[in-house]
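Student: I would like to learn how to read salt bridges in a structure. Could you take me through some cases?

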Amino acid sequence: YNDMIALDFNKSATESLRDLSAATIGAMKELGNSYVFFMEYLLYCARAGKYDPLDEMLEGFRGYVTTVLQDGIKRGEIRAEINVEKSAAAFAAWFDGAVLHWLISPATVSFEELADGFFEMILHGLEEKEQGDEK
């Protein structure tokens with residue numbers, strides 16, 4: 001995913017994940033209805049039991065997110081007790097679900113609004129809380 005968006009360790013983990021989200025949304029919008037063909041490919045792979053190309057792609061995405069989360073933990077931005085691999089997988093799964101909703105209902109589902117809601121709900125749960133902060 002460094003081809004899509006380079007890691008910038010001068011940014012906070014939240015900023016990096018928001019940048020990744022914006023880049024992913026942009027790529028999905030650029031693909032538009034062509035993404036349906038990718039979904040057909042996914043179905044073909046599932047039926048044929050051929051997951052290798054998909055596994056590499058998904059591993060790359062989760063690896064990118066894992067790196068961002070680990071850096072956030074080192075900086076004290078992200079809670080140290082989280083499981084970064086599971087959190088990265090959940091982050092990736094959010095994109096999969098958001099893309100599906102956006103493809104099926106583009107007139108009523110805003111990718112950007114979904115992203116805003118996701119970040120408000122999920123990322124703030126990962127962030128390290130300051131003393132006295134009862135969010």
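Tutor: Start with Arg62, which forms a salt bridge with Glu59 in this predicted model. The closest N and O atoms of Arg62 and Glu59 are 2.5 Å apart.

Student: What is the general idea behind such a pair?

Tutor: Side chains of opposite charge can pair when their charged atoms come close.

Student: Where do Arg62 and Glu59 lie along the chain?

Tutor: Both are in helix H3 (residues 52–74), and because they are three residues apart there, about one helical turn separates them.

Student: Are Arg62 and Glu59 buried or exposed?

Tutor: Neither; the cut-offs are under 20% relative accessible area for buried and over 50% for exposed. Arg62 has 22%, so it is partly exposed, and Glu59, at 42%, is partly exposed too.

Student: Which helices does the salt bridge between Glu112 and Lys29 link?

Tutor: Glu112 and Lys29 have their closest N and O atoms 2.6 Å apart. Glu112 is in helix H5 (residues 111–126) and Lys29 in helix H1 (residues 13–31), so the pair links distant parts of the chain, 83 residues apart. Glu112 has a relative accessible area of 34%, and Lys29 one of 40%.

Student: Which residues are linked in a network of salt bridges?

Tutor: Asp71, Arg75 and Glu77 are. Within this network, Glu77 and Arg75 have their closest N and O atoms 3.7 Å apart. Glu77 is partly exposed at 23%, as is Arg75 at 34%.

Student: How many salt bridges are there by this rule?

Tutor: The count comes to six. The chain that holds them has five helices and zero strands.

How values were computed: Residues numbered from 1 in each chain as written. Predicted model: local features only at pLDDT ≥ 70, side-chain atom pairs only at ≥ 80, totals over all residues. Heavy atoms only, no water. Helix = DSSP H or I, 4+ residues; strand = E, 2+ residues; numbered from the N terminus. Salt bridge = Lys/Arg side-chain N within 4 Å of Asp/Glu carboxyl O. Buried < 20%, exposed > 50% of the residue type's maximum accessible area, 1.4 Å probe, protein only.
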